[in-house]
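Here is a set of short exercises to help you find your way around a new protein. Keep the sequence and the 3D view open, try each task, and then read the solution.

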Amino acid sequence: MIELQQIKERIAAERYRDTNSCFELRMMLMDAASTLTTKHISNLRQGKDPQVSLTLLRAFRSVRQHYFSLEKAKEGDLECYNTIRDAVVRELAVLCHQLKGNVIALHLGNPAELKIAQ
């Protein structure tokens with residue numbers, strides 16, 4: 001989930017500078033799609049919650065759709081760029097929020113046990 005959060009933050013920080021900005025955003029979308037696919041496959045192989053896999057797969061499809069929309073847009077289409085960037089950031093934020101609900105909170109009686117990991 002940390003990877004998705006970092007990708008979301010990078011996409012949110014990205015601004016249109018020139019015609020290469022669309023290419024750079026498409027590469028970030030490919031990175032997001034790759035991460036979503038990797039997490040989906042890992043979740044399936046480990047036999048974890050199938051609902052999480054379905055959520056990851058839906059997010060992948062959405063990012064892929066945004067990628068193709070950006071690819072078909074006219075070169076230098078600032079409105080399309082901003083719309084897609086904002087939509088992907090919102091969708092990744094929602095996804096991260098949904099996945100947080102699936103994180104197991106460990107309740108330790110002795111916080112000193114965590115010092116081993118540090």
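## Exercise 1: A residue and a far-off partner

Task: Say which helix holds Lys100, and decide whether Lys100 is buried or exposed.

Solution: Start with the location: Lys100 belongs to helix 4. Keep in mind as you look that this is a predicted model. Next comes accessibility. The relative accessibility of Lys100 is 54%, and exposed means over 50%, so Lys100 counts as exposed. Finally, compare sequence with space: Met1 and Lys100 are separated by 99 residues along the chain, while their C-alpha atoms are 8.1 Å apart.

## Exercise 2: The overall plan

Task: Work out how many helices and strands the protein has, and in what order its elements run.

Solution: Count the elements to get 4 helices and 0 strands. Reading from the N terminus, the order is α-α-α-α. Now turn to the whole chain: of its 118 residues, 32% are buried. As for contacts between residues at least 6 apart in sequence, 67% of them link residues at least 24 apart.

## Exercise 3: Helix 2 against helix 3

Task: Find how the directions of helix 2 and helix 3 relate to each other.

Solution: First locate the two helices, with helix 2 at residues 20-45 and helix 3 at residues 50-72. Their axes come within 9 Å and cross at roughly 160 degrees. Angles over 145 degrees count as roughly antiparallel, and therefore helix 2 and helix 3 are roughly antiparallel to each other. The crossing of helix 2 past helix 3 is left-handed. Sorted by class, the residues in this contact are 16 nonpolar, 5 polar and 3 charged.

## Exercise 4: Helix 2 against helix 4

Task: Now find how the directions of helix 2 and helix 4 relate, and which residues make the contact.

Solution: Here the axes come within 11 Å, and the crossing angle is roughly 20 degrees. Angles under 35 degrees count as roughly parallel, so helix 2 and helix 4 are roughly parallel to each other. This crossing is left-handed. From helix 2, the contact uses Ser21, Cys22, Leu25, Leu29 and Leu36; from helix 4, it uses Tyr81, Ile84, Arg85, Val88 and Leu95. By class, that gives 8 nonpolar, 1 polar and 1 charged residues.

## Exercise 5: Helix 1 against helix 4

Task: Describe how helix 1 and helix 4 pack.

Solution: The axes of helix 1 and helix 4 lie 9 Å apart, at an angle of about 160 degrees. That makes helix 1 roughly antiparallel to helix 4. Helix 1 crosses helix 4 in a left-handed manner. On the helix 1 side you will find Leu4, Gln5, Ile7, Lys8, Ile11 and Ala12, and among their partners in helix 4 are Val88, Leu92 and Leu95. The class count for this contact is 11 nonpolar, 1 polar and 2 charged residues.

## Exercise 6: The nonpolar core

Task: Find which residues have the most contacts inside the largest nonpolar core, and which helix gives the most to this core.

Solution: This core holds 25 residues, and those with the most contacts inside it are Ile11, Leu29, Leu36, Leu70 and Leu95. Helix 1 (2-13), helix 2, helix 3 and helix 4 (78-100) each provide at least two of the core residues. Helix 4 gives the most, with 9 residues. For a closer look, pick Leu36: leaving out residues up to four places away in sequence, Leu36 touches Leu4, Leu56, Ala59, Phe60, Val63 and Leu95.

## Exercise 7: Three buried residues

Task: Locate Thr35, His40 and Thr55, and list what each one touches, setting aside residues within four places in sequence.

Solution: Begin with Thr35, which sits in helix 2. Buried means under 20%, and Thr35 has a relative accessible area of 14%, so it is buried. Its contacts are Glu3, Leu4 and Ile7.

His40 is also placed in helix 2, and at 14% relative accessibility His40 counts as buried. His40 touches Ser53, Leu56 and Leu57. Between His40 and Leu57 the C-alpha distance is 6.6 Å, with their positions 17 residues apart in sequence numbering.

Last, Thr55 is part of helix 3. With 16% relative accessibility, Thr55 counts as buried. Its contacts are Leu95 and Gln98.

Key:
Residues numbered from 1 in each chain as written. Predicted model: local features only at pLDDT ≥ 70, side-chain atom pairs only at ≥ 80, totals over all residues. Heavy atoms only, no water. Axes fitted to C-alpha atoms, helices over the stretch in contact; angles between N-to-C directions. Parallel < 35°, antiparallel > 145°, perpendicular 65-115°, else oblique. Left-handed = near helix turned anticlockwise from the far one by under 90°. Nonpolar A, V, L, I, M, F, W, Y, C, P; charged D, E, K, R; others polar. Core = buried A, V, L, I, M, F, W, Y, C linked by side-chain atoms within 4.5 Å. Buried < 20%, exposed > 50% of the residue type's maximum accessible area, 1.4 Å probe, protein only. Contact = heavy atoms within 4.5 Å.
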